[in-house]
Amino acid sequence: MEYIKLKNSDLVVSRLCMGGCPMGRYGWGDVKEEELIEAVHTAVDNGITIFDTADTYGLGESERILGKALGNSRKDVVVASKFGVRVANGKTVYDNSPEWIEEALQDSLKRLGTDYIDLYQVHYRDGITPIDVVVEALERQKEKGNIRYYGLSNIHTNDIEEIKPFSGNFVSFQDEYSLACRKNEVDMIEISKELNLTPFTWGSLGQGILTGKYNEDNVHFGKDDRRSREIYVNFHGEKFKKNLQIVDELRKIANERGKAVAAVAIRFILDNILGSVVLCGIKKPDQIIENIKGLDWKMSVEELKILDGVSK
């Protein structure tokens, strides 16, 4: 396992983070609670020390299961959750107000079965609440001992100037990034540099396309799986065909290295976005074992060049 210290903090975490979106058991097909719990145990046993979730994943289900699964291991790991998305009158609303922060945080603490969250993250900016108001509210929660540190998610270079005066208050940020989605690469590098924050990548395996488990004859999802919808472009049309070309190159390297395809996709991120933490959504314990093989080795310059070329 590889570990890294998050910027502006004393949090040392594994560079592989177990993601909790599938743990919400909504929109990812048949996801069994007992397998999720076993996956958390497998992660802890294999040196993963950070778990990322959000109050909106399964409307709290992900936090509940994570808290249940961690049990006595809670004190030994970093729990990261997110706020800022709520449902009002059947519609999704972004809300960064101090009032919602207080309410959302208290609910998350109860579901997680803990009295503090190590890393509390703004899931999405609401476009209304000024950043200084958000920071002030989060600082109050730190003073109360409800959170240890806080971070950002889904921000881009056009947010830098607003956030910069408060960059020392945050420790990290998240955005979508993988070999199948490199549109945010420049943003991630610039934000890391300008705001001095640790980058986390979500969607790191392209919702599963970069695991090598899917091909043109095996890409059928039920209606209860979000990937059946065309908005999840990685599994549809020309984008799907392009992704299969990336997987072909990943598989060649995986075979030469004796690694899982997913492990090579993870290694590309770790070696291409320096100082990053890779977040992978997990449904089953065997996925943990595959993903861990992305740690403790380096890709060659030639391997990086091949993957860069096929994915640009």
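Which residues is N291 in contact with, leaving aside its neighbours within four places in sequence? In this predicted model, the residues concerned are L16, L205, A262, I266, C280 and I282. N291 itself is placed in helix α9. Its relative accessibility is 4%, and N291 therefore counts as buried, the limit for that class being under 20%.

From helix α9 the chain can be followed into the loop between α9 (285-292) and α10 (301-311), where G294 is found. G294 has a relative accessible area of 0%, so this glycine is buried as well. Beyond residues up to four places away in sequence, G294 touches A263, I266, R267 and L270. I266 is thus a shared partner, since I266 is also among the contacts of N291. A further spatial relation concerns K259: the C-alpha atoms of G294 and K259 are separated by 7.7 Å, although their positions lie 35 residues apart along the chain when counted as sequence separation. The loop between α9 and α10 also holds D296. The backbone of D296 has a phi near 65°, a positive value in a residue other than glycine.

A positive phi is also found at N196, again in a residue that is not a glycine, with a value of about 55°. N196 belongs to the loop between α6 (185-195) and β11 (198-202). With a relative accessible area of 36%, N196 is partly exposed, because that class covers the range between the buried limit of 20% and the exposed limit of 50%.

Strand β11 contains W202. At 26% relative accessibility, W202 likewise counts as partly exposed. Residues up to four places away in sequence not being counted, W202 touches N154, Q174, D175, E176, Y177 and L279. With one of these partners, N154, the side chain of W202 forms a polar contact of 3.2 Å. The C-alpha atoms of W202 and R267 are 14 Å apart, at a separation of 65 residues along the chain.

Q174, one of the residues touched by W202, is also in contact with Q121. Q121 lies in strand β8 (residues 117-122). Its relative accessibility is 0%, and Q121 is therefore buried. The side chain of Q121 makes a polar contact of 3.1 Å with the side chain of D52. Neighbours within four places in sequence aside, the contacts of Q121 comprise D52, A80, S81, K82, F83, G151, L152, S172 and Q174.

The loop between α3 and β8 is the location of D115. In contrast to the buried Q121, D115 counts as exposed, because its relative accessibility is 57% and the class begins over 50%. Apart from residues up to four places away in sequence, D115 touches L109, G145 and N146. The C-alpha atoms of D115 and I147 are separated by 8.6 Å, with the two residues 32 apart along the chain.

I147 leads on to the nonpolar interior, as I147 is one of the residues in contact with L138. Besides I147, L138 is in contact with F83, I101, Y120, V122 and Y150, its neighbours within four places in sequence being left aside. Both L138 and Y120 are among the residues with the most contacts inside the largest nonpolar core, together with M18, F51, L210 and L250. This core has 85 residues. Helix α8 (residues 261-272) supplies the largest share of the core, eight residues. Another core, of 14 residues, lies apart from it and includes V171, F200, V277 and L279. L279 has already appeared among the residues touched by W202.

The last feature to be considered is the second largest pocket, which holds about 180 Å³ of space. Its lining consists of D55, T56, L59, G60, V85, R86, V87, W100, E103, A104, D107 and R111. Two elements, β6 (85-88) and α3 (98-112), each supply at least two residues of this lining. Of the lining residues, five come from α3, and this is the largest share. By class, five of the lining residues are nonpolar, two are polar and five are charged.

Conventions. Residues are numbered from 1 along each chain as its sequence is written. This is a predicted model: local features need pLDDT of at least 70, side-chain atom pairs count only at pLDDT 80 or more; totals for chains, interfaces and linings use all residues. Side-chain values use heavy atoms; hydrogens and water are left out. On a 1 Å grid over the protein atoms alone, a cavity is a set of points where a 1.4 Å probe fits but cannot get out, and a pocket is an open set with protein on both sides within 12 Å along at least five of seven lines; lining residues have an atom within 4 Å of a point. Grid points are joined across faces, edges and corners, and a volume is the space filled by probe spheres set on the points. Helices (H or I, at least four residues) and strands (E, at least two) are DSSP runs, numbered from the N terminus. Ala, Val, Leu, Ile, Met, Phe, Trp, Tyr, Cys and Pro count as nonpolar, Asp, Glu, Lys and Arg as charged, and the others, Gly among them, as polar. A nonpolar core is a set of buried Ala, Val, Leu, Ile, Met, Phe, Trp, Tyr and Cys residues joined through side-chain atoms within 4.5 Å. Buried means under 20% relative accessible area, exposed over 50%, partly exposed in between (1.4 Å probe, protein chains only). Contact means heavy atoms within 4.5 Å. A polar contact is a pair of N or O atoms within 3.5 Å; within protein, one must be able to donate a hydrogen and the other to accept it, and residues adjacent in sequence count only if both atoms are side-chain atoms.
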